Amino acid sequence: PVLASAHENGCICLWSIQGNLVKEILPFSKYPAVPLTALCTDISTKMLLAGSKEGHIMRWSIASFLEDPENSKNQIKEELCWRAHSTEVVDLFHEEEKNVVVTASIDGSVRLWHAMNGYYLGYFGQPKQFELSDIKRLILPCDVNTFPTIIKEQSKHMEKNKKFEYPLILDRDK
C-alpha cells in the first residue's frame, strides 16, 4: 500500500504505510509548478489523477511502479494533462465502468471528461444527455481554450530526486 499526498509546491509524494517517502514526482508542464488541490486513483490503482489550483487535470500511469517500487525501470509516467476549469479544481473522481473523470471547480461547475484522452463530454445541469460514446468529437467548455496535451516522453524534470538549497544572502552593495 502507498499513500499519495499533493502539495502546494506542485509535487506529489508517495509514502509507505510506515511513513517513509517512497517517491516524489512533479507534473511535466511548460508552466511553473502550481499547488495541487485534489487527488484520486481508479479502483485498480493503475492511474493517478491530480487537479490543480489553476484548473488543470493531470493523469499518471502508476501500475508498473506499484508492482515493484524498488525496480528503477518501473517508473511513474505522466500521460495526459488538460485544462478542465478556469479556476481551482476542488474535487475529482474516476468512474471506471464508463471510463470518465468527473471534476468540480470552485466556480460551482461539475464537468465530465473522457479519462483516456481528456475530451470534454459535458457538464452537470446541461439540457441534453451526455454522449459518452462520442469521444472523437473534440469540443471545449466556453471558459477553456486549450486542448488536452498527451505527454509522449518522460522529462527529467518530472522526478524530483535532488534537493537544492537556495539560501537568501543579503548583498548590501546591490
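Is F124 buried, partly exposed or exposed? F124 is partly exposed, at a relative accessible area of 47%. The cut-offs are these: buried is under 20% relative accessible area, exposed is over 50%, and partly exposed lies in between (1.4 Å probe, protein chains only).

1. Ground rules. This is a predicted model, where local features need pLDDT of at least 70, side-chain atom pairs count only at pLDDT 80 or more, and totals for chains, interfaces and linings use all residues. Residues are numbered from 1 along each chain as its sequence is written, and side-chain values use heavy atoms, with hydrogens and water left out.

2. The annotated repeat. An unreviewed UniProt entry carries the annotation "repeat: WD" for residues 82–113. UniProt positions follow the numbering used here, feature names are shortened, and annotations may be inferred rather than shown by experiment. The span is 59% strand and 0% helix. Its end C-alpha atoms lie 10 Å apart. Helices (H or I, at least four residues) and strands (E, at least two) are DSSP runs, numbered from the N terminus.

3. The sheet. Four strands make an open sheet, in the order β8-β9-β10-β11, with antiparallel pairing. β8 (89–95) and β11 (120–123) are the edge strands; each has a single partner strand, so one side of each lacks a neighbour in the sheet. On average, neighbouring strands are turned by 20 degrees against each other, direction ignored. Here axes are lines fitted to C-alpha atoms, for helices over the stretch in contact, and angles run from 0 to 180 degrees between N-to-C directions. Two strands pair if DSSP finds at least two bridges between them. Strands of a sheet pair through backbone hydrogen bonds.

4. Partners of β9. Six bridges link β8 and β9 in the antiparallel sense. Within that pairing, D91 stands opposite A104, and L92 has T103 as its bridge partner. On the other side, five bridges join β9 (residues 100–105) to β10 (residues 110–114). There V100 faces H114, and V102 faces L112.

5. The two hairpins. The β8 and β9 hairpin has four residues between its strands, and N99 takes a positive phi near 60 degrees. The hairpin of β9 and β10 also has four residues between the strands. G108 in that turn has a positive phi of about 95 degrees.

6. Burial of β9. Six of the six residues of β9 are buried, so the strand is largely enclosed by the rest of the structure. V100, V102 and A104 point one way, while V101, T103 and S105 point the other way. In a regular strand the side chains alternate between the two faces of the sheet.

7. T103 in detail. T103 sits in strand β9 and is buried, with a relative accessible area of 0%. Among the residues it touches are I57, A84, H85 and W113, not counting residues up to four places away in sequence. Contact means heavy atoms within 4.5 Å. The side chains of T103 and W113 also share a polar contact of 3.0 Å. A polar contact is a pair of N or O atoms within 3.5 Å; within protein, one must be able to donate a hydrogen and the other to accept it, and residues adjacent in sequence count only if both atoms are side-chain atoms.

8. Back to F124. F124 lies in the loop between β11 and β12 (149–150). F124 touches V102, V110, L112 and F130, leaving aside residues up to four places away in sequence.
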